[in-house]
Amino acid sequence: MDDKSLDSNNKRKFIEDPRYKQCNKEAIYGVILGLINMAWWYIFGYGLGSKPVEEYSYILGFPSWFFISSILGAVVFTILTFIMVNKLFVDMPLDKMTKEEAEEYIMANEKGGK
Amino acid sequence: MEAVNWGTLIPIIIYFALMYLIGIYAAKLLSTAKSADGEGYMDEYMTGGRSTGGFVLAMTLVATYLSAGSFIGGPGTAYTHGLAWVFLAMAQMPTGYYTLAVLGKKFAIVSRKIEANTITDFLRERYRSDAVVIVASLSIIFFLIAAMSAQWVGAARLLQGSTGISYRTGLLFFGITVVVHTAIGGYRGVVLNDTLQGIVMSISTLVIFIAVVVKGGGVSNIIQNMKAIDPGMITPYGVQEGFMTKTWVTSFWVLVGFATIGLPSVSQRAMSYKDTKSLNQGIKVGTIVSIAILLGMHLVGAFGSTLVSGIESGDLVLPTLVSQIFPSVIAGIVLAGPLAAVMSTVDSQLLVVIGAIVNDLIINYLKPELSKNSKAVSRRTTGWAIILGIIIFILSMNPPELMVWLNLFATAGQLSTFLWPTILGLYWKKANKQGALASMVAGIGSYIYFDYFLPRPLGLHAIVPALTLSLIAFVIVSNITEEPSDEIIELFWGV
């Protein structure tokens with residue numbers, strides 16, 4: 001293969017699938033959102049729920065530790081999921097690419113993107 | 001024997017009849033694929049020709065993932081432990097977006113490149129190792145048979161408890177429905193059924209939840225009544241000292257949250273969608289539906305403690321609540337929800353096991369010539385569906401001791417086998433067959449060890465250290481052994 005390597009980190013001589021960069025980013029967004037979700041759940045759940053029961057405050061009838069960690073958390077992370085998918089996820093073809101299609105894809109992304 | 005409650009039974013029979021119709025419809029689509037060769041047939045049978053749209057993708061993922069645990073076992077435990085168990089169940093919040101985002105488009109692209117129909121196909125192409133394929137297939141077969149049997153038992157008890165038919169009749173009725181619609185419809189049939197079942201589950205959750213809140217006199221009132229039963233019911237620590245500790249409960253984010261990517265019946269779905277629009281829509285719909293069902297059903301269980309007291313077996317909480325709140329016909333319609341949850345999990349698992357036997361073991365090792373002949377493949381998929389149905393039926397009639405243990409181990413066992421070989425195989429070029437095998441052995445081995453000798457190591461659920469060791473073994477062994485061949489890397493990473 002005499003083409004220039006498209007990925008500078010790529011030791012081997014082949015064109016790395018140009019879609020993977022975006023795929024990897026999306027996977028990392030998913031992981032980050034998951035970790036924030038867990039942190040929210042833990043901090044509000046145990047932070048507010050570890051008080052003596054008599055000192056609990058209530059929101060819509062639920063103890064506030066539960067309402068914020070689990071119910072509000074569900075709403076917040078559903079909204080964040082929508083934002084992640086709408087703003088950060090990119091549509092792309094999924095089928096096998098030929099070399100020409102790969103080059104076309106790179107060109108199109110450099111022109112149209114960012 | 002109690003009298004049969006026809007009012008409840010008839011809606012359920014109608015519902016099951018619908019399953020058959022969908023199976024027949026999917027079988028028609030499948031028969032057009034029969035004109036292709038055996039490989040084309042297997043592709044259609046296992047992935048529905050990779051044409052799943054967004055809404056259907058979301059529903060099948062949610063329905064597959066939410067099982068008897070979410071509808072029967074979980075609410076049953078929440079009945080005893082209160083809000084703490086609902087809080088624990090919310091560790092599953094990320095399921096809808098996490099799995100699809102992390103396996104993501106890359107998994108779909110790769111599985112198209114290598115024409116993978118099952119997770120084992122993926123592992124075979126990536127690691128080129130008979131040992132990896134055989135461990136993976138056997139793990140699927142054993143763990144999933146155990147898991148399915150436990151689900152069948154749950155469904156049969158639910159039918160028995162709510163309609164008054166005998167356990168044996170309930171088991172037969174349920175088992176035949178699952179086997180027939182899976183055998184004739186394949187993935188497409190399973191997915192269409194899952195969609196219907198996902199809708200039924202959502203509606204059923206909503207109806208039961210509203211009814212319970214109204215009956216209990218509003219949320220405020222219910223929470224105060226729970227507090228009166230036991231103040232532990234409304235804390236994140238539950239009612240039993242030292243049971244729901246912070247570290248143990250948080251471990252569930254791994255067991256039922258982040259690590260679910262490793263379940264073959266879940267990752268199968270990440271191979272099958274049509275395009276990225278479907279994926280994006282699937283993530284959105286899946287997140288909303290899974291959170292709503294999880295939160296709703298677990299709250300129903302917790303709230304139920306104030307409506308009906310003294311239900312002894314957790315499995316009976318939901319049927320008892322429903323039959324006390326609703327008139328019998330409506331109870332039958334509403335109970336279709338939990339039955340749908342069980343069925344949609346079991347049919348996907350059955351399909352994965354059929355795939356492991358026919359696609360991964362028979363076509364690969366015993367009779368490679370079959371891949372040319374779609375009729376012979378179709379005879380085998382049907383034959384194995386029936387054989388598996390019979391095995392599971394026998395196990396469920398009289399569940400042996402070992403099986404109860406195997407079921408507890410089934411989810412963790414699958415995760416220990418598949419999580420790292422799937423993820424690292426996809427994202428790490430250095431991942432090789434020795435590493436994959438080491439990680440499977442370390443994962444399963446250490447899980448069994450911890451489970452037996454050291455439950456809650458460092459206060460954690462045993463799955464956390466098991467997956468950690470499994471990861472360490474993978475990385476170390478891959479680093480000290482030969483890198484995968486250029487050919488594999490180019491196939492997976494090249495264009």
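This is a short tour of a predicted model, stop by stop, with a selection to make at each one.

**Stop 1: chain A**

Select chain A and colour it by secondary structure. You should find three helices and two strands. Follow the chain along its sequence, and the pattern reads α-β-β-α-α. Now think about cover. Of the 114 residues in chain A, 26% count as buried. Contacts tell another part of the story. Among contacts in chain A with a separation of 6 or more, 53% join residues 24 or more positions apart.

Next, pick A:Leu60. Find the loop between β1 (58-59) and β2 (62-63) of chain A; A:Leu60 sits there. Its phi is positive, about 50°, although A:Leu60 is not a glycine. Is A:Leu60 buried or exposed? Residues with 12 or fewer C-beta neighbours within 10 Å count as exposed. A:Leu60 has 11 inside 10 Å, so it is exposed.

**Stop 2: where the chains meet**

Show both chains. The contact takes 46 residues from chain B and 48 residues from chain A. Stay on the chain B side. Helices α5 (83-89), α6 (95-113), α10 (219-229), α11 (246-257), α13 and α20 (486-493) of chain B each supply at least two residues there. Which helix gives the most to the side of chain B that touches chain A? It is α6(B), with eleven residues. By class, this side of chain B has 26 nonpolar, nine polar and eleven charged residues.

Now select B:Pro94. This residue lies in the loop between α5 and α6 of chain B. B:Pro94 is buried, because 30 other C-beta atoms lie within 10 Å and the cut-off for buried is 20 or more. Leave aside its neighbours within four places in sequence. B:Pro94 is then in contact with A:Gly34, A:Asn37, B:Gly257 and B:Phe258. Try a distance too. The C-alpha atoms of B:Pro94 and B:Thr287 are 7.4 Å apart, yet the two residues are 193 residues apart along the chain.

**Stop 3: the end of α6**

Move to the loop between α6 and α7 (119-127) of chain B, and pick B:Glu115 there. B:Glu115 has a positive phi of about 50° and is not a glycine. With 13 other C-beta atoms within 10 Å, B:Glu115 is partly exposed.

**Stop 4: a covered helix**

Select residues 54-65 of chain B, which form helix α3. Check its length first. At 1.5 Å a residue, its twelve residues should span 16 Å, and the end C-alpha atoms are indeed 16 Å apart. How many of the twelve residues of α3(B) are buried? Eleven are, so this helix is mostly covered. Among the buried ones are B:Val56, B:Leu57, B:Met59 and B:Tyr65. To see what they pack against, show α6, α9, α12 (264-267), α13 and α15 (328-366) of chain B.

**Stop 5: α9 against α13**

Two packed helices are described by the angle between their axes and the distance between the axes. Select residues 167-215 and 276-304 of chain B, which are α9 and α13. They pack at about 35°, with axes 9 Å apart. Their crossing is left-handed. On the α9(B) side, look for contact residues including B:Gly198, B:Leu206 and B:Phe209. On the α13(B) side, partners include B:Ile293, B:Gly296 and B:Phe303. The contact has 13 nonpolar residues, five polar and no charged.

**Stop 6: α18 against α19**

Select residues 433-453 and 463-480 of chain B, which are α18 and α19. Here the angle is about 155° and the axes are 7 Å apart. Over 145 degrees counts as roughly antiparallel, and therefore α18(B) and α19(B) are roughly antiparallel to each other. The crossing is right-handed. Residues making the contact include B:Ala438 and B:Phe450 of α18(B), and B:Leu467 and B:Phe474 of α19(B). In this contact 14 residues are nonpolar, seven are polar and none are charged.

**Stop 7: B:Gly425**

For the last stop, select B:Gly425 in helix α17 (residues 401-427) of chain B. B:Gly425 has 27 other C-beta atoms within 10 Å, so it is buried. Beyond its neighbours within four places in sequence, show its contacts: B:Leu123, B:Arg126, B:Tyr127, B:Ala431 and B:Ala436. End with one distance. From B:Gly425 to B:Lys277 is 25 Å between C-alpha atoms, with their positions 148 residues apart along the chain.

Technical notes
Residues are numbered from 1 along each chain as its sequence is written. Chains are lettered from A and ligands numbered from 1 in the order in which they are written. This is a predicted model: local features need pLDDT of at least 70, side-chain atom pairs count only at pLDDT 80 or more; totals for chains, interfaces and linings use all residues. Axes are lines fitted to C-alpha atoms, for helices over the stretch in contact, and angles run from 0 to 180 degrees between N-to-C directions. Helices (H or I, at least four residues) and strands (E, at least two) are DSSP runs, numbered from the N terminus. A crossing is left-handed if the near helix is turned anticlockwise from the far one by less than a right angle, and right-handed if clockwise. Two residues are in contact if their C-beta atoms, placed from the backbone, lie within 7 Å. Ala, Val, Leu, Ile, Met, Phe, Trp, Tyr, Cys and Pro count as nonpolar, Asp, Glu, Lys and Arg as charged, and the others, Gly among them, as polar. Angles under 35 degrees count as roughly parallel, over 145 as roughly antiparallel, 65 to 115 as roughly perpendicular and the rest as oblique. The expected span of a helix is 1.5 Å times one less than its number of residues.
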